Amino acid sequence: MRRRYKWRAEVDLFPFLSVLTCTLGILMTVTITLISGRIINVPEVWLNPGQMTHEPRLVIWDGTNVVVDQPEGQIVAPWSAVKENQENAFGKLLAEIRAQPDKLYLLIAVRPTGFTNFYDFFKFVEEFHINIGYWPIAQEKVVTLYGAQKGM
Amino acid sequence: MRISRRRKPFTLNLDSLTDIVTCSVGILIFFMLNGVLAAGRLSVNKRLPMVQGKTSLRKVVVLCTNNTARPFDVGRLIDAMIAETPPPRSYHGVPGWAKQWNGKVKADEYALVRAYGGYFEQSFWLYSSRQIDVGVYIEPQKNQAYDTIQNVSDPASHFNRLLNRINPQKEFVSFLVDPQSLEIFERCTEIARSRNINIGWQPILPAWPFRISFTGSSGGGPDVGGPQW
């Protein structure tokens with residue numbers, strides 16, 4: 001006797017699971033990539049441990065530009081423009097420090113690309129007769145004296 | 001009629017396992033995203049440097065190149081050379097002294113110092129000129145007497161043995177650092193500060209030998225202004 005089987009609709013979920021797994025894999029890869037980039041370039045906020053007699057004002061020297069660190073963000077002043085006139089962010093910073101020499105000093109973070117002509121920059125700043133400190137930092141390191149800033 | 005019964009084959013339902021895996025992955029992504037948001041910035045207590053101006057402390061130089069560190073106390077070697085050949089007390093003794101000075105060599109495990117000296121005199125009728133150029137060439141020894149980032153913290157490292165000889169009341173350590181040596185420089189400064197030894201540093205682009213002239217300008221390699229010896 002021939003049996004007849006009722007036709008029953010069946011849904012095979014396996015292609016859907018494959019799509020879901022691929023989507024999750026892509027999402028994880030993108031997230032890991034973003035995290036890796038963020039971890040490597042996490043901005044480092046330098047906190048004064050309370051031993052300084054003067055409050056620092058940070059600039060970053062890379063051989064071509066002077067990057068002025070301010071609470072509202074970091075401003076780039078080309079070295080060629082800085083040498084010619086003081087009507088830029090770095091000139092204003094120098095004026096601020098000169099006005100309060102007992103309270104403020106200039107802290108220079110020197111990148112490896114700035115080693116070549118650092119002494120030119122240092123002699124330029126020395127002529128303003130202000131207190132100066134300088135320290136080397138790695139090329140890719142982002143440093144600031146303030147919290148989270150724009151563009152970082 | 002005998003009813004035959006089929007044995008149901010063994011089946012494994014993986015649906016719950018996939019649910020668990022998917023939830024685990026979702027939680028992991030959630031934690032990673034939170035970590036990214038929390039890692040917006042990293043705060044560190046940083047001992048911020050400030051130049052202290054002229055000091056009466058004697059400078060002991062440490063050379064940091066190619067992420068290695070070696071003592072480079074050329075000042076001591078030059079002092080020894082001057083002690084053996086003291087400068088003349090009168091102007092007329094200068095030519096003879098320059099001749100004695102020329103060619104002297106002093107070296108230790110880490111550095112080589114070679115003296116050079118020349119005296120030139122020209123005269124024509126009523127015109128005469130005298131020129132003297134005296135100085136030293138310095139360079140690191142071409143040996144393995146240096147510390148790497150792996151062993152610089154060891155008590156028996158060259159750097160720590162140098163710190164053992166330093167009197168913090170009379171001497172400080174001055175690092176000459178090239179762009180490739182920031183890591184070992186940071187490590188060495190931590191070690192020196194932990195022993196209450198004052199430090200300083202200067203950037204260099206080393207090109208050896210480096211010439212220090214006692215009578216004129218110094219330099220060697222790319223003109224970067226040169227460190228203050």
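This passage walks through the buried cores, two helices and one exposed loop of a predicted model.

A good place to begin is the interior. The largest nonpolar core holds 48 residues. Those with the most contacts inside this core come from both chains: Phe90(A), Leu106(A), Ile108(A) and Val125(A), together with Phe159(B), Phe175(B) and Trp201(B). Helix 5 of chain B, spanning residues 182-194, supplies the largest share of the core, namely six residues. A second core, separate from this one, is made of 20 residues, among them Leu63(B), Val113(B), Val136(B) and Ile212(B). In soluble globular proteins, nonpolar side chains tend to be buried together.

Phe175(B) gives a closer view of the largest core, being one of the residues with the most contacts inside it. Setting aside residues up to four places away in sequence, Phe175(B) touches Val62(B), Cys64(B) and Phe159(B), then Phe185(B), Cys188(B) and Thr189(B), and finally Ile199(B), Gly200(B), Trp201(B) and Gln202(B). Its partner Phe159(B) belongs to the buried residues of helix 4 of chain B (residues 158-165), alongside His158(B), Asn160(B), Leu162(B) and Leu163(B). The cover over these buried residues includes strand 2 (58-65), strand 3 (68-71), strand 7 (171-177) and helix 5 of chain B.

Helix 2 of chain B, residues 74-84, offers another example of burial. Its buried residues are Val74(B), Leu77(B), Ile78(B) and Met81(B). These residues lie on the same side of helix 2 of chain B, because they cover an arc of only 95° around the axis. The spacing along the sequence fits a general rule: an α-helix has 3.6 residues a turn, so residues three or four places apart point the same way. Among the elements covering the buried residues of helix 2 are helix 3 (94-101), strand 4 (105-107), strand 5 and strand 6 of chain B.

Strands 5 and 6 also lead to the surface. The loop between strand 5 (111-124) and strand 6 (127-140) of chain B contains Trp125(B). With a relative accessible area of 80%, Trp125(B) counts as exposed, because that value is over the 50% cut-off. Together with Phe124(B), Leu126(B) and Tyr127(B), Trp125(B) makes a nonpolar surface patch of about 670 Å². Ser128(B), in strand 6 of chain B, is partly exposed, at 39% relative accessibility. Apart from neighbours within four places in sequence, Ser128(B) contacts Gln122(B) and Ser123(B). Computed from C-alpha to C-alpha in the model, 51 Å separate Ser128(B) from Phe185(B), and the two are 57 residues apart in sequence.

Methods
Residues are numbered from 1 along each chain as its sequence is written. Chains are lettered from A and ligands numbered from 1 in the order in which they are written. This is a predicted model: local features need pLDDT of at least 70, side-chain atom pairs count only at pLDDT 80 or more; totals for chains, interfaces and linings use all residues. Side-chain values use heavy atoms; hydrogens and water are left out. Patches are made of residues with over 30% relative accessible area and no salt bridge: like charges are joined within 9 Å, nonpolar side chains (Val, Leu, Ile, Met, Phe, Trp, Tyr) within 5 Å. Accessible areas come from the Shrake-Rupley method with a 1.4 Å probe; for residues, only the protein chains shown count as cover. A salt bridge is a side-chain nitrogen of Lys or Arg within 4 Å of a carboxyl oxygen of Asp or Glu. Helices (H or I, at least four residues) and strands (E, at least two) are DSSP runs, numbered from the N terminus. Buried means under 20% relative accessible area, exposed over 50%, partly exposed in between (1.4 Å probe, protein chains only). The arc is that of the directions from the helix axis to the C-beta atoms. Contact means heavy atoms within 4.5 Å. A nonpolar core is a set of buried Ala, Val, Leu, Ile, Met, Phe, Trp, Tyr and Cys residues joined through side-chain atoms within 4.5 Å.
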